[in-house]
Amino acid sequence: MTAQPVHIPVLLAEVLHDMAVADGQTVVDGTFGAGGYSRALLDSAAIRLFAIDRDPAAHERARPIIEAYAPRLSLLNGCFGDMEALLAAAGVSSVDAIVLDIGVSSPQIDTPERGFSFRFDGPLDMRMGDTGPTAADVVNSAEEEDLANIFYRYGEERLSRRVARAIVMRRAEKKFERTGDLADVIRSCVPKSKDGIDPATRSFQGLRIHVNDELGELERALAAAERLLSPGGRLCVVTFHSLEDRLVKEFMRERSGNVPGPSRHMPGPAAVGPAPTFRLLSKSGTGPGAEEQARNPRARSARLRTAIRTEAPAWAQGEAA
């Protein structure tokens, strides 16, 4: 519907299959990015779609897309973890389907000025929006122990303490400003791996997740989706690394009542918890096929998990099975 190059997101066919949107439904694309899922969903049925993004660049890219699909597409400015409040402000209290594509978008990675990738030298920023501390602020001011925890918890970097120590020693002489500079310091203390992954990969991931509170956003979004989805509504989440996938998997497993029961060696009544609010479409989720992996290396680690909302009321905060 527009002459612009179309970005094709990962697992697009699988997402469209699982979302199964129908005419007249209200749908949310919580992570608009380049608009790939939004376009495909709008083309698949006569739906009303609300997209969400905190990135000013995404809003600029979206202008011709919004015009092409008017009045069925609205782009809301904010974090997808705040989708309930954003939709309420737009007069929407319930929806029929929600899709979330977690992590950094391709346009963000491929723009050196955003500072997400060490493949290009650029300002050490990493913010998905335009507010809050930058990655440079964090590496130049955080305590050594805090830096080590960031790299270990969010980047799963085994040598996190060594990386943090090297950063603190270097910043005492000169502050970090560029992605290439930080990557070089990390490479100086983390040996190359046999799989060919750049030594800076895990630390950069951890720093990015911390700067954008990505796991906190995901947790808030999952809870909001539970409250927003109408019975039969579908929640589709695409993740790209183990931390995200584990969080989504555990949320869906718990909310579907698919949790381990009491041991047969420990007789006694099973604990009775709140009624399941979701039904899993697939226990193991869906990954990309060989053809998509060959066409798009970024898709290799992707995993789609889908759950269908039941009629049970949303769980209270902190409630568990």
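Trainee: How many salt bridges does the rule give in this predicted model?

Mentor: The count comes to 16 salt bridges.

Trainee: What makes the contact between Glu144 and Arg165 a salt bridge?

Mentor: Their side chains meet at 3.8 Å, N to O. The cut-off is within 4 Å between a side-chain nitrogen of Lys or Arg and a carboxyl oxygen of Asp or Glu, so the pair qualifies. Glu144 lies in helix α7 (residues 144–155) and Arg165 in helix α8 (residues 160–171), so the salt bridge ties together parts that are 21 residues apart in sequence.

Trainee: Why are Glu144 and Arg165 called partly exposed?

Mentor: The relative accessible area is 31% for Glu144 and 41% for Arg165. Buried requires under 20% and exposed over 50%, so values in between are called partly exposed.

Trainee: How do you know that Arg255 and Glu226 form a salt bridge?

Mentor: The N to O distance of this pair is 2.9 Å, and the limit is within 4 Å, so the term applies. Arg255 belongs to helix α12 (residues 242–255) and Glu226 to helix α11 (residues 214–228), so the pair ties together parts 29 residues apart in sequence.

Trainee: Are Arg255 and Glu226 buried or exposed?

Mentor: Arg255 has a relative accessible area of 9% and Glu226 has 2%. Buried means under 20%, so both residues are buried.

Trainee: What makes Asp245 and Arg305 a salt bridge?

Mentor: Their closest N and O atoms are 2.7 Å apart, which the limit of within 4 Å admits. The pair links distant parts of the chain, with Asp245 in helix α12 and Arg305 in strand β7 (residues 303–309), 60 residues apart. Asp245 and Arg305 are both buried.

Technical notes. Residues are numbered from 1 along each chain as its sequence is written. This is a predicted model: local features need pLDDT of at least 70, side-chain atom pairs count only at pLDDT 80 or more; totals for chains, interfaces and linings use all residues. Side-chain values use heavy atoms; hydrogens and water are left out. Helices (H or I, at least four residues) and strands (E, at least two) are DSSP runs, numbered from the N terminus. Buried means under 20% relative accessible area, exposed over 50%, partly exposed in between (1.4 Å probe, protein chains only).
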